[in-house]
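User: Could you take me through one part of this structure, slowly? I'm new to this, so please spell out the terms as you go.

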Amino acid sequence: MSSVQHHLLLCATPTKALCGDPAVGAASWDRLKQLVRELGLEEPGRPKGVVLRTKADCLRVCCDGPVLLIWPEGLTYGGVTPERIERIVHQHVIGGEPIEEWIVRRTPFSRPLAPG
Ligand code: FES
């Protein structure tokens, strides 16, 4: 498998619906899937590594949702919408520049990542 640049986990339509409007979550998930495909982010030969995406049931934030957690940075965005997904993918995932004003939680790894 190719290396992984980012893993995006979206609490889109949780069982308990504690995380905002499930309709907005579902639309955000659809936009995320579409963007990842359109931009070739899951292509195995992508030089910067592939971008994985997972629809999670609950990311243990349970407010300000839908929420999107991005690894390896451990940053969680709140109030996600299809429009925000668009900017997050372009500015953070591709551009490497997180959008500070939408971050609701930071969860760093307990050990630094290996270089490389
Ligand atoms: S329901 Fe979304 S983080 Fe828990």
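Analyst: Let's look at the loop between strand 2 and strand 3, and then at what comes just after. This is a predicted model, where local features need pLDDT of at least 70 and side-chain atom pairs count only at pLDDT 80 or more, while totals for chains, interfaces and linings use all residues. Residues are numbered from 1 along each chain as its sequence is written, and side-chain values use heavy atoms, with hydrogens and water left out.

Strand 2 covers 50–56 and strand 3 covers 67–71. (Strands are DSSP runs of E with at least two residues, numbered from the N terminus.) Arg60 sits in the loop between the two, and although Arg60 isn't a glycine, its phi is positive, near 65°. Arg60 is also exposed, at 71% relative accessible area. Cys62 belongs to that loop between strand 2 and strand 3 too. Cys62 isn't a glycine either, yet has a positive phi of about 60°; its relative accessible area is 31%, so Cys62 counts as partly exposed. (Exposed means over 50%, buried under 20%, and partly exposed in between, using a 1.4 Å probe and protein chains only.)

Further along the loop between strand 2 and strand 3 you'll find Pro66. The peptide bond joining Gly65 to Pro66 is cis, with omega about -5°.

Now step past strand 3. Pro72 is in the loop between strand 3 and strand 4, which spans 75–77. Here you meet another cis peptide bond, joining Trp71 and Pro72, and its omega is about 10°.

How values were computed. Helices (H or I, at least four residues) and strands (E, at least two) are DSSP runs, numbered from the N terminus.
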